[in-house]
Amino acid sequence: MSLVQTYRKPKVFGLTVLGALVLGALAGWLGKGTWLAPVLAKIGSTFTSLLQLTVIPLVFTAIVVGIASLRNLGGGRTAARLGGKTFLWFAITSFIAVLIGIAVASVLRLGQGVQIEPAAGAVDKLAKRASGSWQALLDNLVPTNIFSSFTEGDVLQVVFIAVLVGFAAYALGDKAAPFTNLVRSFFEIIQKVVGWIILLAPIGIFGLIGNAVASYGNAFVKPLFSLILAVYLGSALVLFVVYPVLLKFVGKTSPVEFFRKAGTALQFAFVSRSSGATLPLSRKAATDLGVPQEYANFAVPLGTTTKMDGCAAVYPAVATIFIANLFGIQLSVWQYVGIVLVAVFGALATAGTTGWYTMLTLTLSVVGLPPAVIATGVAVVYAIDPILDMMRTATNVAGQITVPVLVARSENLIEEPAAPAEKDLVNA
């Protein structure tokens, strides 16, 4: 077996990724303030750009092919049931996650007694960004120009288009076969390209984690340490307690097996801070866990856009309570209910690269905090957002892999591995 073939084996590749994490952190610590820091940043950003280049075509083709292929899983009723169960589990896990976020923030009494001012210019900078709102969600959902949705990288609109096209192809059946086959061929091509890019993951992760340590290694400032602790604790409870329990008792899947097969995706999500860039790895993890490709091609890309327990549930709850306590505002029971409702029904608002900001400002607005408090509070937490985003994104991706496993198991669709032999990382 050649060196390249050995490297492609999941176990060897996983160990290489872990090694890259350790070496990257060491390089970032040693290179802080030197010429090495920008080099690490360039390596990481180039790798992320390569993966993000494939996100839009991968999401579109995967969803279209996935919906069209649902016919192979039992027909229209099965497809509708799969879709309904997917969204139901999205809501259930978001509900659990937001309750955990509220509990952690309340127990730690986040923000009480903290005295801190936002960095100069941070409030003005954030004021230029569009805040989250239900109206903005509806306005951005339906595209006015199909082509601009793809060229501008609007993931939510691309998902909307893909769902429409996929169900149209499903309804037409054999009449749409030439189109479906064309999209499927394009999907296979994109997967092959993604496989080649993923082989570069250790190099990319080396740069990403190195840049993170070099840029934010000393950012654990005392006034905000409690906020960092709360976000990591809340996310960890969801990632390492809630998901494993659901996988064990609902998905009938070993949590150890889950983390073994999803480990590379979770590691990459942590350092890249991008669910979209992690999509190829998330989809592969789901299929490795036995989820049929037809369903995984539908559920995982959809989850990448709408299933974000870290950014859309734990974090808004924790940050909202922190900001309220920071300004001495006592939240009522109904305001807590508002936090929960936004987490359960507002996940679509997190689509895109500004998900955390959109969801947090939407939650703060629903709770009814004064505009000045919202602006200042968001500017305060913005200072440490890159640190928080690592754990949030890893939690997001874990949920995007977990839900398809739960739904597939409930429909008796889990494909148990026929043999323990390892598959090639690229050609699996």
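This is a short chat about helices, side-chain contacts and a surface patch in a predicted model.

Me: Which residues form the nonpolar patch on the surface?
Reply: The patch is made of Val107, Leu108, Phe225, Leu229, Leu233, Leu237, Phe240, Val241, Val245, Phe249 and Val250. Together they have about 980 Å² of accessible area.

Me: Which helices supply at least two residues each?
Reply: Helix H4 (76-108) and helix H11 (222-249). H11 gives the most, with 8 residues.

Me: Take Leu237. Where is it?
Reply: Leu237 sits in helix H11. Leu237 is partly exposed, because its relative accessible area is 31% and partly exposed runs between 20% and 50%.

Me: What does UniProt list as "transmembrane region"?
Reply: The UniProt entry, which is unreviewed, lists residues 12-30, 50-74, 86-108, 155-172, 193-213, 225-246, 333-356 and 362-384.

Me: How much of 225-246 is helix in the model?
Reply: Residues 225-246 are 100% helix and 0% strand. The C-alpha atoms at the two ends lie 30 Å apart.

Me: And what about 155-172?
Reply: That span is also 100% helix, with 0% strand. Its end C-alpha atoms are 25 Å apart.

Me: New topic. How many aromatic pairs are there?
Reply: The structure has 5 aromatic pairs. One of them is Phe87 with Phe90. Their ring centres are 5.8 Å apart and their planes are at 80°, so the pair is edge-to-face.

Me: Where do Phe87 and Phe90 lie?
Reply: Both are in helix H4. They are 3 residues apart, about one turn of the helix.

Me: Are those two buried or partly exposed?
Reply: Phe87 is partly exposed, at 44% relative accessible area. Phe90 is buried, at 5%.

Me: How do Phe258 and Phe259 pair?
Reply: They also form an edge-to-face pair. The centres are 5.2 Å apart, with 80° between the planes. Phe258 is buried, with a relative accessible area of 0%. Phe259 is partly exposed, at 25%.

Me: Which residues do ring pairs link into a cluster?
Reply: Phe240, Phe258 and Phe259. Phe240 also belongs to the nonpolar patch.

Me: Now charges. How many salt bridges are there?
Reply: A search of the whole structure finds 9. One of them joins Arg81 and Glu411, with the closest N and O atoms 2.9 Å apart. This pair links distant parts of the chain. Arg81 is in helix H4, Glu411 is in the segment after helix H19 (385-410), and 330 residues separate them.

Me: Is Glu411 buried or exposed?
Reply: Glu411 is buried, with a relative accessible area of 14%. Its partner Arg81 is partly exposed, at 38%.

Me: What does Lys261 form with Glu257?
Reply: A salt bridge, with the closest N and O atoms 3.0 Å apart. The two residues are 4 apart in helix H12 (residues 255-272), so about one helical turn separates them.

Me: And what about Asp288 and Lys284?
Reply: Their side chains meet in a salt bridge, 2.7 Å from N to O. Both lie in helix H13 (residues 275-288), 4 residues apart. Asp288 is partly exposed at 24%, whereas Lys284 is buried at 16%.

Me: Which residues are linked in a network of salt bridges?
Reply: Arg273, Asp385, Asp389 and Arg392. Arg392 also lies over the face of Tyr315, 4.3 Å from the ring centre.

Definitions and conventions
Residues are numbered from 1 along each chain as its sequence is written. This is a predicted model: local features need pLDDT of at least 70, side-chain atom pairs count only at pLDDT 80 or more; totals for chains, interfaces and linings use all residues. Side-chain values use heavy atoms; hydrogens and water are left out. Patches are made of residues with over 30% relative accessible area and no salt bridge: like charges are joined within 9 Å, nonpolar side chains (Val, Leu, Ile, Met, Phe, Trp, Tyr) within 5 Å. Accessible areas come from the Shrake-Rupley method with a 1.4 Å probe; for residues, only the protein chains shown count as cover. A salt bridge is a side-chain nitrogen of Lys or Arg within 4 Å of a carboxyl oxygen of Asp or Glu. Buried means under 20% relative accessible area, exposed over 50%, partly exposed in between (1.4 Å probe, protein chains only). UniProt positions are given in the numbering used here, feature names are shortened, and annotations may be inferred rather than shown by experiment. Rings of Phe, Tyr and Trp (its six-membered ring) pair if their centres lie within 6.5 Å; planes under 30 degrees apart count as stacked, over 60 as edge-to-face and the rest as tilted. A charge sits over a ring if NZ of Lys or CZ of Arg is within 6 Å of the ring centre and within 35 degrees of the ring normal.
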